[in-house]
Amino acid sequence: MTRVIAANAWTAGLAGLLVILLLVTKVIQPDFGASGLDNLARSALPFALATVGMAVVVIAGGIDLSIAAMMAVASVTAAVLMDGAGADPDAGQAVLAVVAVLAVGLAMGALNGALIVVTRVPDIVVTLAMLFVWQGVALLILNAPGGGASPWLRALIVGGVTLPGVPAGLTEWMPRGFVFLAVVVAAIWWPIRRSKLGLMFYAVGSDPQAAYRSGVPVGPVRIAAYAVCGLFAALGGLAVTMATGIGEPIPGPYLLASVAAVVLGVSCLVAGAARSLARSWPCWFCGWCGWT
């Protein structure tokens, strides 16, 4: 029991601090309620997804400075592909757009990783250069905010949770944006973390030389880590479009916020030191600061 408390003390402390901030907000703004939580969740969702993506490459011993630019590419790609999409999910246009955006995110991340592995140039240099490349790509796709988002897709993160047969008063206070984040992380990251690939992320991040001598293919593992980061960046860009209804070609403040959240979430920016992505509470502080 003591070990469990000690292992999760930092996470519990951050969660408690967030609750205190929400209570202070309630005192300052008596009207703060379910709609305020919904706004907070939607504003924090891109930060949270960027933080998870950044945490994956930090675990594998790298860093990706192009994550905000990749989010911009994903946002405008989604907005262009979904522009004019109807509310009927059976039409399939929005579903195909989401699949295409996720594939683009994977490709961008994998390209970042491949350049780092092949050229052996430090991560920070390659991803800084790719930041400008992805910024240019985003402006080529959409040179000004525009496009559109499918209404049913936007509805996934707008409003409170409603369940069939359950009184709305019991669930509507919980924002759909928070549930969307939990489902995405559970569906993508937790299976990876429990797999052999997830263990190799930690091994490469802890000591690449020792991992190589143990038979871990260091290069492909690092490329895979950047590809996963690109996938979460694509989800973050998609969340921007879902929240605003348009594509945003100018990268938002997600790079520094994700780095700061990773530092707070894993206690220190040391490769292989991140024991749990559950320590993602700092992203909600970033969202809270941006929202307030």
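Modeller: A nonpolar core is a set of buried Ala, Val, Leu, Ile, Met, Phe, Trp, Tyr and Cys residues joined through side-chain atoms within 4.5 Å. The model here is predicted.

Colleague: Which helix supplies the largest share of the largest nonpolar core?

Modeller: That core has 43 residues. Leu-49, Met-82, Trp-189, Phe-201 and Phe-232 have the most contacts inside it. Helices α2, α3, α4, α8, α9 and α11 each supply at least two of its residues. The largest share, 13 residues, comes from α11.

Colleague: How many residues are in the other core, the one that includes Val-126?

Modeller: It lies apart from the largest core. Among its members are Met-71, Val-126, Ala-233 and Val-259. Its residue count is 32.

Colleague: Is α3 largely enclosed or largely open, and how many of its residues are buried?

Modeller: Helix α3 covers residues 67-82. Its 16 residues should span 22 Å at 1.5 Å a residue, and the end C-alpha atoms agree at 22 Å apart. The helix is largely enclosed by the rest of the structure, because the buried residues number 14 of the 16.

Colleague: Where does α2 bend?

Modeller: The 26 residues of α2 should span 38 Å, and its end C-alpha atoms are 35 Å apart, which agrees. Still, α2 bends by about 40°. A proline, Pro-46, follows within four residues of the bend. The bend is at Ala-44.

Colleague: What separates Asp-38 and Arg-42 along helix α2?

Modeller: These two residues form a salt bridge, with the closest N and O atoms 2.9 Å apart. Both Asp-38 and Arg-42 are buried. An α-helix has 3.6 residues a turn, so residues three or four places apart point the same way. Asp-38 and Arg-42 are four residues apart, so the separation is about one helical turn.

Colleague: Which salt bridge links distant parts of the chain?

Modeller: The whole structure holds two salt bridges. One pair joins helix α11 to helix α5, 99 residues apart. Its N to O distance is 2.5 Å. Asp-123 counts as buried, because its relative accessibility of 12% is under 20%. The pair is Arg-222 and Asp-123.

Colleague: Is Arg-120 buried or exposed, and what is its relative accessible area?

Modeller: Arg-120 sits in the loop between α4 and α5. Its phi is positive, near 60°. Most residues other than glycine have a negative phi. The cut-off for exposed is over 50%, so Arg-120 is exposed at 75%.

Terms used:
Residues numbered from 1 in each chain as written. Predicted model: local features only at pLDDT ≥ 70, side-chain atom pairs only at ≥ 80, totals over all residues. Heavy atoms only, no water. Expected span 1.5 Å × (residues − 1). Buried < 20%, exposed > 50% of the residue type's maximum accessible area, 1.4 Å probe, protein only. Bend = angle between axes of the 7 residues up to and from the residue. Salt bridge = Lys/Arg side-chain N within 4 Å of Asp/Glu carboxyl O.
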